[in-house]
Amino acid sequence: MHGTQRQILLFGFFICAVFAAGCAVPYSMKAPEQFKRFDTKNSFKYITADGVMLKAREVDNYPKASLSFWKDATKEHLEKSGYLHSETHCFKTDKGLDGCSLTFALPHGAEDWIFQETIFVLDEIIVLVEATGEFNKFKAVEADLKSALKTFSPNL
Amino acid sequence: MKSRLITVLLFSGTLLFVGAATAKNKKNTDTPDTAKQTEAATANTDDAQTEPAKEETSETSTPAENSSPTEETDVRLTSIQSRMTLKVVNPDEAREQLKKIAASYGGYATRITDTNIVLKVPPTQITQAMEAFVKQGILVEKTIERKDLTLKIAQLEGKLTSQNEILAKLRSFFDDSDFTATLEIERSMSRLVYEIEQVKGELRYLYDQAEWAVVEVDFRFRERESVMYVSSPFEWLNSANLSTFLEEF
């Protein structure tokens with residue numbers, strides 16, 4: 001292989017690597033089969049055929065606090081807002097990351113909906129996996145979602 | 001003979017008057033207690049709504065219970081009526097489950113509709129039964145109302161005893177009465193028997209209320225405060241809500 005060719009090849013690999021890094025989704029999860037990737041861009045959004053939605057995002061861990069603190073703060077805040085707390089489920093992911101899922105019911109239009117907030121605290125960052133949907137539709141996928149959350153991993 | 005008739009009429013008239021006056025007095029004394037009981041029950045309901053854990057405390061602090069209504073009655077007779085709203089995935093399955101739970105505590109279902117179920121369970125099992133009911137869904141709201149029926153039942157039983165005594169006395173006049181007096185006695189007795197049957201009916205109803213605690217389970221959200229925006233001192237929490245989620249999705 002000529003030197004020029006090798007250089008072009010290396011440059012190509014470099015470009016691909018940069019492109020792949022730029023496009024990489026910062027989180028990974030074995031989503032339940034009912035959920036389909038909703039957005040192919042650099043985001044983490046899933047949706048089921050009947051409209052149960054899931055997405056992940058990150059926020060600053062400020063003021064810096066533990067998972068337990070944020071779990072309580074979230075419950076307190078959403079209950080004050082009129083959300084009906086139904087369950088808090090704390091667990092460890094397959095990779096050993098601690099997380100807590102808080103599930104709330106709330107009226108939305110003429111329907112009852114579920115809003116679920118799952119919190120992972122990673123030092124300076126909090127990763128939130130949020131899921132919502134109409135009550136019965138959400139309940140239909142809730143168990144699968146609970147299992148899937150154990151496979152969640154932030155690639156930050 | 002005429003004097004005999006007058007004696008009978010006077011006696012039966014006096015007995016009926018005394019009976020009616022006694023009943024009226026009891027009714028008068030009963031009214032404030034009933035008000036107290038209702039007030040206490042309302043307070044209990046409020047307690048149950050805001051802090052269900054206080055149920056047992058409020059149950060023991062009912063004013064009517066502290067007033068020791070009768071010396072003869074040792075056992076408290078209480079009517080318990082509870083209402084809860086549960087959000088469930090499948091109301092049909094939940095109904096069946098609730099019926100099974102009620103049966104396991106010695107109770108049964110008395111009314112079943114598409115949206116609710118009314119169950120009766122023994123009062124001694126009410127706490128455990130309600131805990132089991134709540135596990136069948138998400139508890140939206142719960143109220144529990146307790147009324148002490150001991151005083152009311154004791155008063156009605158007293159009234160019944162005195163009415164039966166009057167009836168027996170009236171019967172004893174039959175032997176020596178002429179036609180007119182017999183007619184008058186019969187009229188008085190008919191009136192008395194009617195009153196006795198009314199009291200017996202009331203007593204049956206109250207005993208039934210004391211024998212079973214009634215739990216009405218509703219499977220829908222009742223009207224309640226809607227979701228509102230509440231600001232949090234923690235910035236990211238202000239974006240943790242359904243509206244923001246839907247906007248950003």
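**Figure 1. Where β3 meets β4 in chain A.** Let us start with one pair of facing residues: A:Lys45 sits opposite A:Lys55, a residue of β4(A). The model shown here, and in every view that follows, is a predicted one. The strands involved are β3 of chain A, residues 45-47, and β4 of chain A, residues 53-60, and they pair in the antiparallel sense over three bridges. Keep A:Lys55 in mind, for this residue returns in the view of the salt bridge to chain B.

**Figure 2. The seven-stranded sheet of chain A.** Stepping back from that pair, we find an open sheet of seven strands in chain A. Reading across, the order is β2-β3-β4-β8-β7-β6-β5, and the pairing is antiparallel. The edges are held by β2 (36-37) and β5 (84-92) of chain A; each has a single partner strand, so one side of each is left without a neighbour in the sheet.

**Figure 3. Helix α2 lying across the sheet.** Helix α2 of chain A, made of residues 67-80, lies across four strands of chain A: β5, β6 (98-108), β7 (111-122) and β8 (125-134). Compared with β6(A), the helix runs at about 5 degrees. Within this helix, A:Glu79 and A:Lys75 join their side chains in a salt bridge, at 3.5 Å from N to O. The two residues are four apart in helix α2 of chain A, which means that about one helical turn separates A:Glu79 from A:Lys75. Side chains of opposite charge can pair when their charged atoms come close. Over all chains, a search of the whole structure finds 18 salt bridges.

**Figure 4. Two loops of chain A with backbone details to look for.** The loop between β4 and α2 of chain A holds A:Pro63. The peptide bond leading from A:Tyr62 to A:Pro63 is cis, and its omega is near -5 degrees. A second loop, between β7 and β8 of chain A, contains A:Asp123. Here the feature to look for is phi, which is near 55 degrees for A:Asp123, a positive value in a residue other than glycine.

**Figure 5. The contact between chains A and B.** Chain A brings 40 residues to this contact, and chain B brings 26 residues. About 2900 Å² is buried between the two chains, with 73% of that area coming from carbon and sulfur atoms. Of the area that chain A buries against chain B, 19% is supplied by A:His77, A:Leu84 and A:Phe135, more than any other three residues.

**Figure 6. Polar and charged links across the interface.** Seven residue pairs are in polar contact between chain A and chain B, counting pairs with both residues at pLDDT 80 or more. The interface also has two salt bridges. One of the salt bridges links B:Glu248 to A:Lys55, whose closest N and O atoms are 3.1 Å apart. On the chain A side, at least two residues come from each of β3, β4, α2, β5, β6, β7, β8 and α3 (135-149). Helix α2(A) gives the largest share of that side, seven residues. By type, the residues of chain A that touch chain B divide into 23 nonpolar, eight polar and nine charged.

**Figure 7. The five-stranded sheet of chain B.** Chain B has an open sheet of five strands, in the order β2-β3-β5-β1-β4, with mixed pairing. Its edge strands are β2 (108-112) and β4 (138-148) of chain B, each with a single partner strand, so one side of each is left without a neighbour in the sheet. From one strand to the next, the twist averages 20 degrees. A closer look at one edge shows β2(B) and β3 of chain B, residues 116-121, paired in the antiparallel sense over four bridges. There, B:Ala109 faces B:Leu119 of β3(B).

Technical notes. Residues numbered from 1 in each chain as written. Chains lettered and ligands numbered in written order. Predicted model: local features only at pLDDT ≥ 70, side-chain atom pairs only at ≥ 80, totals over all residues. Heavy atoms only, no water. Pairing = 2+ DSSP bridges. Contact = heavy atoms within 4.5 Å. Axes fitted to C-alpha atoms, helices over the stretch in contact; angles between N-to-C directions. Buried area = accessible area lost by both parts, 1.4 Å probe. Salt bridge = Lys/Arg side-chain N within 4 Å of Asp/Glu carboxyl O. Polar contact = N/O pair within 3.5 Å; in protein donor to acceptor, adjacent residues only side chain to side chain. Nonpolar A, V, L, I, M, F, W, Y, C, P; charged D, E, K, R; others polar.
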